[in-house]
Amino acid sequence: MTIVFDTAVFEAGDRADATCTAMQENSAPSNVTLEDPKTVTSLMEVWSYGDASIFRSRMSGMTLLRTGKQADRTPSPLIAIAVQEVATARYEQGGVRRLVAPGELMVVDLNARYDYSWDTFGSSRCLHVPLDRLDLPSDVIRGGSAHPERSPIARMISHHISTLTVEGDALSTSPGATALGEAAIDLARALFATAHGGVQARAAMNDTMTTRIRSHVRAHLFDPSMSAESIAAAHGISTRRLYTLCAAAGFSLEQWIIEQRLRRAYQELATARAASVPISVVARRFGFAGHAHFSRRFRAAYGVTPSEWRDAAASARRHDDTAQREPEH
């Protein structure tokens with residue numbers, strides 16, 4: 001995580017001006033009005049995922065107004081797809097006015113006039129995608145931006161944005177960070193095309209099918225009822241078509257699901273909270289039928305048993321704690 005702005009590091013009298021400047025630098029030039037400049041609080045964070053990025057803003061009451069003149073003078077290479085996190089926001093762009101409740105999705109075209117605000121304290125998670133990576137006509141992007149909730153993948157991209165934010169510290173520094181960004185761009189392309197409709201919609205859905213399958217699996221990774229049949233049904237395809245798509249993308253569905261579950265279990269067992277949890281409970285929590293099957297798969301993947309890995313992680317934590325307590329000479 002990169003904290004790009006925090007009012008806590010500024011003197012009280014400088015916070016209002018600094019907040020307005022930081023908001024414009026991390027979004028687009030606009031008129032920023034603070035509900036109470038004397039008591040403003042703000043924290044802005046960014047996570048990078050290749051060509052895509054997540055910008056999270058948590059701050060006291062404010063209004064952002066980007067005028068048509070500002071958009072014309074300072075065109076943006078990005079488009080913003082946001083999930084409202086805290087507080088109900090007011091949004092207006094392109095003749096569309098709506099209230100955006102926590103958990104709801106909206107799109108802000110940074111190259112057109114918009115008005116966005118919330119009272120008291122609010123927060124949003126925003127995916128920034130380069131326009132030139134969408135490979136869509138401008139009218140499709142504009143049309144899809146007006147009502148993104150009409151897209152059949154609106155909930156999927158909302159979940160993806162939330163995951164890239166909540167788990168941003170680990171994911172943005174992982175070897176798969178760029179791939180996660182590419183998945184976000186693919187989902188954004190499908191979102192605009194399907195919300196707009198027309199000939200681009202079917203092509204976008206086909207192009208992003210494997211991305212959507214992977215996102216669906218991650219969202220239901222620990223659901224014991226998840227199966228090839230349930231995955232296929234969720235995407236309106238046959239099981240045979242599902243297996244064909246996965247094979248064409250170069251992965252085995254069952255093996256990939258197991259690998260994802262093992263990776264999450266591996267991460268969990270390294271935490272202090274897992275120190276006293278029975279391995280059989282961990283196995284069930286991460287979708288494995290029993291202790292023996294889980295241990296066998298875990299050892300094949302990582303070269304140690306779950307218990308051995310948990311003990312090694314606990315030992316490393318104790319060593320780090322001891323090193324931190326030792327005085328410097």
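These exercises, each with a worked solution, walk through one predicted model.

Residues are numbered from 1 along each chain as its sequence is written, and side-chain values use heavy atoms, leaving out hydrogens and water. Because the model is predicted, local features need pLDDT of at least 70 and side-chain atom pairs count only at pLDDT 80 or more, while totals for chains, interfaces and linings use all residues.

**Exercise 1. The chain as a whole**

Find how many helices and strands the chain has, and what share of its residues counts as buried.

Solution. Start with the secondary structure: it comes to 14 helices and nine strands. Here helices (H or I, at least four residues) and strands (E, at least two) are DSSP runs, numbered from the N terminus. Next, take the extent: along the principal axes, the C-alpha atoms fill a box of roughly 65 × 65 × 30 Å. Then turn to burial: of the 329 residues, 46% count as buried. Buried means under 20% relative accessible area, exposed over 50%, and partly exposed in between (1.4 Å probe, protein chains only). Finish with contacts, meaning heavy atoms within 4.5 Å: among those between residues at least 6 apart in sequence, 68% join residues at least 24 apart.

**Exercise 2. Rings and a charge**

Classify the ring pair of phenylalanine 251 and tryptophan 256, then work out which charged end sits over the ring of phenylalanine 251.

Solution. A search of the whole structure gives nine aromatic pairs. In this pair the ring centres are 5.8 Å apart and the planes stand at 55°, so phenylalanine 251 and tryptophan 256 form a tilted pair. The rule is that rings of Phe, Tyr and Trp (its six-membered ring) pair if their centres lie within 6.5 Å; planes under 30 degrees apart count as stacked, over 60 as edge-to-face and the rest as tilted. Both phenylalanine 251 and tryptophan 256 are buried.

Now for the charge: the charged end of arginine 214 sits over the ring of phenylalanine 251, 3.9 Å from its centre. The charged end of arginine 214 also sits over the ring of tryptophan 256, 5.0 Å from its centre. This label requires NZ of Lys or CZ of Arg within 6 Å of the ring centre and within 35 degrees of the ring normal.

**Exercise 3. An aromatic pair in a helix**

Classify the ring pair of phenylalanine 294 and phenylalanine 298, and place both residues in the secondary structure.

Solution. First the geometry: the centres are 5.7 Å apart and the planes lie at 65°, so phenylalanine 294 and phenylalanine 298 are edge-to-face. Next the location: both belong to helix H13 (residues 291-302), where they are four residues apart, about one turn of the helix. Both phenylalanine 294 and phenylalanine 298 are buried. Finally, look at the wider group: Tyr266, Phe288, Phe294, Phe298, Tyr302 and Trp309 form one aromatic cluster.

**Exercise 4. Two helix crossings**

Describe how H8 crosses H6 and how H8 crosses H11.

Solution. Begin with helix H6 (residues 177-196) and helix H8 (residues 209-219): their axes come within 10 Å and cross at roughly 115°. Axes are lines fitted to C-alpha atoms, for helices over the stretch in contact, and angles run from 0 to 180 degrees between N-to-C directions. H6 and H8 are therefore roughly perpendicular. On the scale used, angles under 35 degrees are roughly parallel, over 145 roughly antiparallel, 65 to 115 roughly perpendicular and the rest oblique. The contact joins Ala183, Asp186 and Leu187 of H6 to Thr211, Arg212 and Ser215 of H8.

Continue with H8 and helix H11 (residues 253-269), whose axes come within 11 Å and cross at roughly 45°. H8 and H11 are therefore oblique to each other. Their contact is made by Arg214, Val217 and Arg218 of H8 and Leu253, Trp256, Ile257 and Gln260 of H11.

**Exercise 5. Positive phi**

Locate alanine 87 and threonine 120, and give the phi of alanine 87 and of threonine 120.

Solution. As background, most residues other than glycine have a negative phi. Alanine 87, although not a glycine, has a positive phi of about 75°. Alanine 87 lies in the loop between strand S5 (78-86) and strand S6 (89-93) and is partly exposed, with a relative accessible area of 21%. Threonine 120, also not a glycine, has a positive phi of about 65°. Threonine 120 is in strand S9 and counts as exposed at 59% relative accessibility.
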